[in-house]
Amino acid sequence: QVQLVESGGGLVQPGGSLRLSCAASGSIFSIYVMSWYRQAPGKQRELVAGITSGGNTNYADSVKGRFTISRDNAKNTVYLQMNSLKPEDTAAYFCYTVARVMVDTTPRNYWGQGTQVTVSS
């Protein structure tokens with residue numbers, strides 16, 4: 001199994017910044033993609049940004065130019081730097097990964113428990 005622990009959420013004013021972190025732990029053999037999703041009340045969960053083990057990234061159009069995803073492969077950690085935050089960025093942010101553990105040859109999906117980001121004055 002892989003455990004994902006997110007941190008860094010909180011309350012911030014419009015225009016402010018936050019940095020989310022997600023650390024993966026467990027009997028990890030390999031981590032492939034690491035991503036951030038978000039879900040606002042009454043809305044579907046949506047992809048915010050993703051990054052492959054090779055460093056290729058993709059972003060939702062709504063966050064391009066404001067958010068930056070990065071990862072530290074040595075620490076099995078992914079980050080999301082969020083700048084110029086807007087009220088519409090308010091949501092629970094979830095870390096997601098596709099990973100293989102030592103005793104399993106099949107890559108599987110794992111989710112974190114989520115961290116709340118609230119953008120409000």
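The chain holds eleven strands and zero helices. This is a predicted model. Along the sequence, the elements follow the pattern β-β-β-β-β-β-β-β-β-β-β. The points below treat the overall dimensions of the chain, an open four-stranded sheet, and the largest nonpolar core.

**Overall dimensions and surface**

- The radius of gyration of the chain is 14 Å, which agrees with the value near 14 Å for a compact globule of 121 residues.
- Along the principal axes, the C-alpha atoms fill a box of roughly 50 × 25 × 20 Å.
- The exposed area of the chain is about 6300 Å², and 48% of this area comes from carbon and sulfur atoms.
- Of the 121 residues, 42% count as buried.
- When contacts between residues at least 6 apart in sequence are considered, 55% of them join residues at least 24 apart.

**The open four-stranded sheet**

- Four strands form an open sheet in the order β1-β3-β8-β7, and their pairing is antiparallel.
- The edges are occupied by β1 (2–7) and β7 (67–72); each has a single partner strand, so one side of each is left without a neighbour in the sheet.
- On average, and with direction ignored, neighbouring strands of this sheet are turned by 15° against each other.
- Within the sheet, β3 (residues 18–26) and β8 (residues 77–82) run antiparallel and are joined by six bridges.
- Leu20 stands opposite Leu80, a residue of β8.

**The largest nonpolar core**

- The largest nonpolar core comprises 31 residues, of which Trp36, Leu80, Met82 and Tyr93 touch the most other members.
- Two or more residues each are given to this core by β1, β3, β4 (28–39), β5 (46–51), β7, β8, β9 (91–101) and β11 (115–119).
- With five residues, β9 gives the most to this core.
- Leu80 thus appears in two settings: it stands in β8 opposite Leu20, and it is among the core residues that touch the most other members.

**Surroundings of Met82**

- Met82 is likewise one of the core residues that touch the most other members.
- When residues up to four places away in sequence are not counted, Met82 touches Gly16, Ser17, Leu18, Leu20, Arg66, Phe67, Tyr93 and Val117.
- Among these contacts of Met82 is Tyr93, which is also listed with Trp36, Leu80 and Met82 as touching the most other members of the core.
- Leu20, the residue opposite Leu80, is another residue that Met82 touches.

Notes. Residues numbered from 1 in each chain as written. Predicted model: local features only at pLDDT ≥ 70, side-chain atom pairs only at ≥ 80, totals over all residues. Heavy atoms only, no water. Pairing = 2+ DSSP bridges. Axes fitted to C-alpha atoms, helices over the stretch in contact; angles between N-to-C directions. Rg over C-alpha atoms; globule rule 2.2 N^0.38 Å. Buried < 20%, exposed > 50% of the residue type's maximum accessible area, 1.4 Å probe, protein only. Contact = heavy atoms within 4.5 Å. Areas by Shrake-Rupley, 256 points an atom, 1.4 Å probe, with all protein chains shown as cover. Core = buried A, V, L, I, M, F, W, Y, C linked by side-chain atoms within 4.5 Å.
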